[in-house]
Amino acid sequence: QPRAPSPSSQIYPSQALKPWTTTPTRTPIWLSQNVIGEKIEVATFQAGFHGLFIGHLRREADAYRVLSAAVKMAPKSLVLDVGANHGLFSLFAAKQGAEKVIAVEPQAKLCSYIVSALQRNGVGGKVTLYNAAVIEERMKIRMRDAEIAEGAVATVVKGMGGNIQGVPVTELAPPSVGDISYLKIDVEGFDLPAIRSSYPLLEAKKVAHTVIEFGPPQRWKMATQSKRSSEEGVEVLERAKKMGYEVRLMHSQVWGPWSKKQWAGLSDTKAREWQGIMFMSM
C-alpha cells in the first residue's frame with residue numbers, strides 16, 4: 001500500500017546543473033500512448049517505435065500503477081525520474097497529479113524531445129529536466145550505444161573524456177529536503193551505482209517508494225566492469241531491508257527461465273541472467 005509522505009520542500013539541485021529548455025531542431029514524430037488510462041503524447045525522432053513503448057508498458061505496468069497510487073495519496077508529491085529516456089514516466093507522474101517532477105536524462109537529443117512532449121501534454125510547469133547522468137560520484141561521463149532504439153539502451157561510460165555531467169542522487173535531492181514520494185531509477189546497467197548514491201536519502205527515510213530496473217547481472221558487469229555484479233545486487237537488496245524497506249522483486253523480462261531456487265533465494269550469487277523490477281516501500 002503506497003504511503004503518503006509529508007509535504008516536500010523546494011529542491012535545489014547542484015548549481016552546476018541548469019534546467020534543459022531547448023526544443024529539437026526537427027519536428028517530432030508523435031506517438032499517442034495509453035498508460036493505464038492516461039493518454040500521453042510522446043515525442044520521437046524516428047518512425048516505427050510504437051512497439052517499443054507498448055512492450056515497455058506491458059513489462060512495467062505495475063511500476064506505473066504504484067506511481068499513480070503514490071502521487072494521488074500525496075497532494076504535495078515529489079517524483080524523481082532518473083533515466084527519463086523519452087520522458088514517459090515523468091509525463092505520467094505530472095498528469096496523474098504530482099506537484100513536482102525532477103527528470104534526469106544524459107542524452108541531450110532526448111532531452112530536447114522531452115521538452116516538446118512536456119509542452120504538448122501541458123505539464124511543462126511541473127517538470128524540471130536536467131541533462132545529466134546519475135552515478136555514485138561527481139564526474140564527467142560519455143554515452144555508448146545512443147544510436148540504438150532511440151537511445152533506449154544507451155549506457156554510461158566513465159573516465160573516457162566525456163562532456164556529460166555525472167552526479168549522485170543526493171545532488172538532486174539532498175537529505176535536508178522533504179520526502180520524495182517516488183524515486184524511479186532505470187539507467188541501463190548503472191542501476192546499482194545510482195541506487196547506492198541515494199543511500200543517504202533512503203537511510204533518512206526521505207523516499208516513500210522506489211522502483212529500480214534490476215538486472216541482468218551481465219549488463220551490470222559490462223557497464224561497470226565489476227567482477228562481482230551478482231553479489232553487489234544481493235548487497236543492495238540486503239541493505240534496503242536493513243534500512244526498513246519492504247522489498248519486492250518482480251520479473252519484467254526473463255533472460256532464460258527462472259528456477260524456484262532463483263525466486264526463493266536471491267542470496268545465491270552463482271552466475272545467472274535475470275532481469276526484473278525492484279520495488280522498495282516504507
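In this predicted model, Glu232 is in contact with Leu192, Arg196 and Ser226, leaving aside its neighbours within four places in sequence. Glu232 belongs to helix 9, which covers residues 229-242. Is Glu232 buried or exposed? Its relative accessible area is 15%, and because buried means under 20%, Glu232 counts as buried.

From this helix we turn to the strands. Strands of a sheet pair through backbone hydrogen bonds, and the pairing can be parallel or antiparallel.

Strand 4 (residues 100-104) and strand 5 are a parallel pair, joined over 4 bridges. Within this pair, Val101 stands opposite Val127 of strand 5. To get from strand 4 to strand 5, the chain passes through helix 4 (residues 108-120), and this β-α-β crossover is right-handed. Strand 5 itself spans residues 127-130 and is covered on both faces. On one side Val127 and Leu129 are buried, and on the other side Thr128 and Tyr130 are buried.

Another group of strands comes next. Here 4 strands make up an open sheet with mixed pairing, and their order is 6-9-7-8. Which strands stand at the edges? They are strand 6 (133-134) and strand 8 (155-158). Each has a single partner strand, so one side of each is left without a neighbour in the sheet. For strand 6, a parallel pairing with strand 9 (residues 164-167) is made through 2 bridges. One residue pair shows where the strands meet: Ala133 has Gly166 in strand 9 as its bridge partner.

Technical notes:
Residues numbered from 1 in each chain as written. Predicted model: local features only at pLDDT ≥ 70, side-chain atom pairs only at ≥ 80, totals over all residues. Heavy atoms only, no water. Buried < 20%, exposed > 50% of the residue type's maximum accessible area, 1.4 Å probe, protein only. Contact = heavy atoms within 4.5 Å. Pairing = 2+ DSSP bridges. Right-handed = clockwise from strand over helix to strand, strands pointing away.
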